[in-house]
Number of protein chains: 2
Amino acid sequence: MSDADDEIMNAVARALRSHGYADLTMQDIADESSKSKSLLHYHHDTKADLLIAFLDDLLTEYEQRLECRADQPPEQRIVDFLARFVFTPEDDEREAFHLALLEMRSQGPFNDRIQAQLERSDRLLRETLAEIIADGIADGTFEPVDPDRTAALLVAALDGARTRQITLGEANELPLDGDNITYTRATVEELLAQIVEPILAEGGTLPDLDTTLAELDRED
Amino acid sequence: MSDADDEIMNAVARALRSHGYADLTMQDIADESSKSKSLLHYHHDTKADLLIAFLDDLLTEYEQRLECRADQPPEQRIVDFLARFVFTPEDDEREAFHLALLEMRSQGPFNDRIQAQLERSDRLLRETLAEIIADGIADGTFEPVDPDRTAALLVAALDGARTRQITLGEANELPLDGDNITYTRATVEELLAQIVEPILAEGGTLPDLDTTLAELDRED
DNA sequence: GGTGGCTGACTGACTAGTCAGTCAAACCGA
DNA sequence: TCGGTTTGACTGACTAGTCAGTCAGCCACC
């Protein structure tokens, strides 16, 4: 990608973050970059084209982050996978990213091109997780369960937790355990304890969530 | 609510359904009713006011549906609660309703009034579920678990499943068990088997999902 | 005949997209 | 190496169209 295109995509992200999808104008995007509105049309014929390109960008980057770490054992990979969904409200970047994505998702049913991108992303997410589970069953790490069903449940819970954390704003902390904890964090902890732990084969143990989170932090 | 206001709300729902929140105009809404655009402004000063009123309407009705059935035993109430989230793509009405809600949700972070409504709804949802679980623990139906945490997990999974089913369109069936099954159905089945069943006290059994779905169908 | 519900015609603000033209760097033949 | 030419990135000014919101007035019913 060229420098200019890169700057445009960053500008879209910033504009989307401060205006939201519904109120987004080409001028808003231009204002977030050092370039003019005309340039946006120079590189992308229409506003719709620009937004599709942005979504494609977003999802491609997202997919690339999923691919690494395939060499780890299944129990580490699954904790990794879940841990990647945890974030705090302070992580503005992440929150803005997923809010933009959520807005585009809600436009899916009205726009075939958006929907196609979303389906590609959903399939990859579920298949990646199902593969980890299937690998774990094959090598005896996990008890035999239906990988597709378990993956679908985990992905739904992670998605829901993220959506709620994003849309419920500042006050989204759950007053659990006497302490405040984010929706994503609480959900991942519960999923590990209620879903993943019980399917571990006799004698197996799960990597610690905090340790994994710290490692992921160091990587990025 | 007056007849006119009722007609306006229905028109908003229909317009939202065919145009989506981002492209919705006052004229679109007027076109879906037998009234004029001016009338919309006569009853609601601004477009924002109208949409807030619509959201309030939506959530109030939603909340009322939650309240009934408080006389049932906890294991029936929890299956009821989960079963209410199951729907098929054929159920256009439901799908449109939740799509509209999703679009408004994604606007929450840009609009305080929307966000306040969303928070009220989230709290009610989680508290209702937590209360069912707490009641069940108190009367020995369920093993002692943290009601708030379990409720948060269940609500997140239900929300995520619904969002995915809505946004992934026609091809949203999961090819599970060799047969196609909706995201919401698969998730509720898994939640019952993996989360609810395990916290049932010794000797307890859960009501059948299909039976409960049929009963809910008859009620509406 | 007055009042509340309602309308059509209108307007000013705003928006996506266009277009003619600028400018600097790359290119190229002598 | 120099002059001229082309090219691609980029811009400001413009246009046609759309939108929310206004307003004067209509009309059915009290």
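**Close-up views of a predicted model**

**View 1. Phosphate contacts of DNA strand C.** In this predicted model, a backbone N or O atom of Met26(A) lies 3.0 Å from a phosphate oxygen of DNA strand C. Ser36(B) also approaches through its backbone: one of its polar backbone atoms is 2.9 Å from a phosphate oxygen of the strand. His43(B) uses its side chain, with a polar atom 3.1 Å from a phosphate oxygen of DNA strand C. Two elements give two or more residues each to the surface near this strand: helix H3 (37–43) of chain A and helix H3 (37–43) of chain B. H3(B) gives the most, with four residues.

**View 2. The protein surface around DNA strand C.** The strand is surrounded by 16 residues. The closest are Lys37(A) and Lys47(A), along with Ser36(B), Ser38(B) and Tyr42(B). By class, this surface has eight polar, five nonpolar and three charged residues. On the DNA side, 52% of the strand's atoms within 4 Å of the protein belong to sugar or phosphate. The rest belong to bases.

**View 3. Helices H4 and H7 of chain A.** H4(A) covers residues 47–67, and H7(A) covers residues 112–138. Their axes come within 10 Å and cross at roughly 5 degrees. Angles under 35 degrees count as roughly parallel, so H4(A) and H7(A) are roughly parallel to each other. H4(A) brings residues including Ile52(A), Leu55(A), Asp56(A), Leu59(A) and Glu63(A) to the contact. Among those from H7(A) are Arg113(A), Leu118(A), Arg120(A), Leu124(A) and Leu125(A). The contact residues divide into 10 nonpolar, five charged and four polar.

How values were computed
Residues numbered from 1 in each chain as written. Chains lettered and ligands numbered in written order. Predicted model: local features only at pLDDT ≥ 70, side-chain atom pairs only at ≥ 80, totals over all residues. Heavy atoms only, no water. Near = heavy atom within 4 Å. Polar contact = N/O pair within 3.5 Å; in protein donor to acceptor, adjacent residues only side chain to side chain. Nonpolar A, V, L, I, M, F, W, Y, C, P; charged D, E, K, R; others polar. Axes fitted to C-alpha atoms, helices over the stretch in contact; angles between N-to-C directions. Parallel < 35°, antiparallel > 145°, perpendicular 65-115°, else oblique. Contact = heavy atoms within 4.5 Å.
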